[in-house]
Amino acid sequence: MRRAGAITVGMAVLMGILVWLYGTSVTSLRPRDLPILTVGPAPAATALADQISRVEPGALTVHTVPTVAAADQALRDRDAYAAIVIGNDGLTLRVASAASPAVTEAITRGIRVFMPGLEIPVVDVVANAPRDLAGGGLAAGYLPLVLVIAAAGVLLTRLVRSRAVRLAGIAVLAVLCGFAGTVALQGALDVLPGSFLTTMAVLTLLALAVAGPIVGVGAVAGTPGLVGAVLVTVAGAALSAVQSAPEMLPRPWGDIGQFGPPGAGATLLRSTSYFEGAAGGRPVVVLAVWLVVGLWLAFVGERGAASSLYPGTRGTPRSDQEPHRQPAGIAPAGATATGAPLAGGATIPAGAGAGAGAGVTATAGSGSGAAGSGVPSPGAAAVPARAGATAADEVWAPQEAAGGPVPPGGPVPPGGPVPTGGSALPGGSVLPGASVGPGGGAAVDQAPAARAGSAPGGPPAAVATPLPTWRSPLERTVPIEPSGGGVRLVPPTRPGDPPPGRGGAPAGGATAGGSESR
């Protein structure tokens, strides 16, 4: 409940901030150090520049050039937004509306207010698209483009677990978004002129610079990183000045917005579509830096995917963590299930559920039990062990290799079934206090009084503290669980069996013929 409250309040606050930010980018538009030019003879042009600068200090930055050609070149190079030419016929205003229709409108209106009663002709040196004279079409199409790319980056992070697939997904996403965005802006809306391939290349680079950092930060920092990266992208879209110009936004937000992918992408898109790439160097560098950082984070990160979408991954350790294993039913070294060493010198694979003690040699490297010398005692019958296998694996191996059905009572010990009270090991070794049946098998579950160290009618012998643990059904174990006054070996389980004591018949329930494992 506390977490839900924090998320709700936090998102409400963020929504208010973003609404204010987007609203401010429209309601607070006014010139701030907007570069313009005056053209003409030096004395007249300089005097006009000083007069314009004093009208509203800080609004315009006025420079002087000698010729109209120089002024037009400055407009095409995106060094200025407008030029006021002093000619024989009076004043002329030359603009580049493709750089920013909003700036062109503001300058035109301001000149007419500054010089009332004068008819000043306007020459558009670099005109905006005919179907988007006000610039609203590009702005309206650009914002959802950025937000959809960001959402796609979130989905890639949450739904894809493989690093290679994520990186491939970013590349495919960028190309497809570049193609779809170009078709929409140039074909359907017709708000961008220029080469189809050039526009597609710019939008592809934009998609890489937006989706790459989102996937990368999400892979490194998980869900909090995803939230932060998306918020940065959404805020950057508000500060991109795609509908106006960086010099029209409050300081320093206009300049900050140009260092984000949305702002740099909008500037580069106008430069390549209208100005033959002029002033596009810095936006390319900005987008490339975001791209490289994002891809690097996506390459080194391993988080972000929702674990609930992948069955069996709960609790799986990451590569930077050591797996935590809790041994199930392992008794101290030198003790059997009843706390006494085995007799007969039987060789038992290490990790079979009980440590090796006196008279018992553990086969080295076969499990996680007590370490032995790996050399069997004289007269001992060695039990074959596979590397990394447990005693349960060795018990089930003959039944699985034979391909036959497993009896309901569990695997049949070597030599056939054993009557009640039998407790023999392969090779003729007998558990202390137990008897061997005609078949040579062993009864795993016995009455406490019949176990080694216990006298009939007396208290049971001291036993090792069991460590009962239930692991995944995919990992067979032979845990030791309490049974009355002693301990009981729980028979091995197979995939799909219910945990011991959960549902169905009790695991390892004793019957007249010993222990029932299934």
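Q: How many bridges join strand 3 to strand 4, and do they run parallel or antiparallel?
A: Look at bridges between neighbouring strands. In this predicted model, 6 bridges join strand 3 to strand 4, and the two run antiparallel. One pair to find is Ile 86 with its bridge partner in strand 4, Leu 91.

Q: What joins strand 3 to strand 4 in the chain?
A: Follow the backbone from one strand into the next. A hairpin makes this link, through 2 residues. Gly 87 stands opposite Gly 90 of strand 4.

Q: How does strand 1 run beside strand 3, parallel or antiparallel?
A: Strand 1 and strand 3 run parallel, joined by 4 bridges. To see one, start at Thr 38: its bridge partner in strand 3 is Ile 84.

Q: In what sense do strand 4 and strand 5 pair?
A: Strand 5 covers residues 122–124, and it pairs with strand 4 in the parallel sense, over 3 bridges. Val 95 has Asp 124 of strand 5 as its bridge partner.

Q: Now the helices. What should the 14 residues of helix 2 span?
A: Set an expected length against the model. Helix 2 covers residues 42–55, and at 1.5 Å a residue it should span 20 Å. Its end C-alpha atoms are 20 Å apart, so the two values agree.

Q: Which residues of helix 2 are buried?
A: Check how much of each residue is accessible; under 20% counts as buried. Ala 45, Leu 48, Ala 49 and Ile 52 of helix 2 are buried. They cover an arc of only 100 degrees around the axis, so they lie on the same side of helix 2.

Q: Which exposed residues does the face turned away from the buried side carry?
A: That face of helix 2 carries Pro 43 and Arg 54, both exposed.

Q: What do the buried residues of helix 2 pack against?
A: Their partners are strand 1 (34–39), strand 2 (60–65), strand 3 (82–87), strand 4 (90–95) and helix 4 (101–114).

Q: How many residues has the largest nonpolar core?
A: Here, look for buried nonpolar side chains that join up. The largest such core has 76 residues. Ile 107, Leu 206, Leu 269 and Phe 275 have the most contacts inside it. Helix 7 (residues 196–238) gives the most to this core: 13 residues. At least three residues of this core come from each of domain 1 (31–124) and domain 2 (136–303).

Q: What does Phe 275 touch, leaving out residues up to four places away in sequence?
A: Phe 275 touches Leu 75, Arg 76, Arg 78, Ala 96, Ala 98, Ala 99, Val 126 and Arg 270.

How values were computed:
Residues are numbered from 1 along each chain as its sequence is written. This is a predicted model: local features need pLDDT of at least 70, side-chain atom pairs count only at pLDDT 80 or more; totals for chains, interfaces and linings use all residues. Side-chain values use heavy atoms; hydrogens and water are left out. A nonpolar core is a set of buried Ala, Val, Leu, Ile, Met, Phe, Trp, Tyr and Cys residues joined through side-chain atoms within 4.5 Å. Buried means under 20% relative accessible area, exposed over 50%, partly exposed in between (1.4 Å probe, protein chains only). Domain bounds come from an automatic or database domain assignment. Contact means heavy atoms within 4.5 Å. The expected span of a helix is 1.5 Å times one less than its number of residues. The arc is that of the directions from the helix axis to the C-beta atoms. Two strands pair if DSSP finds at least two bridges between them.
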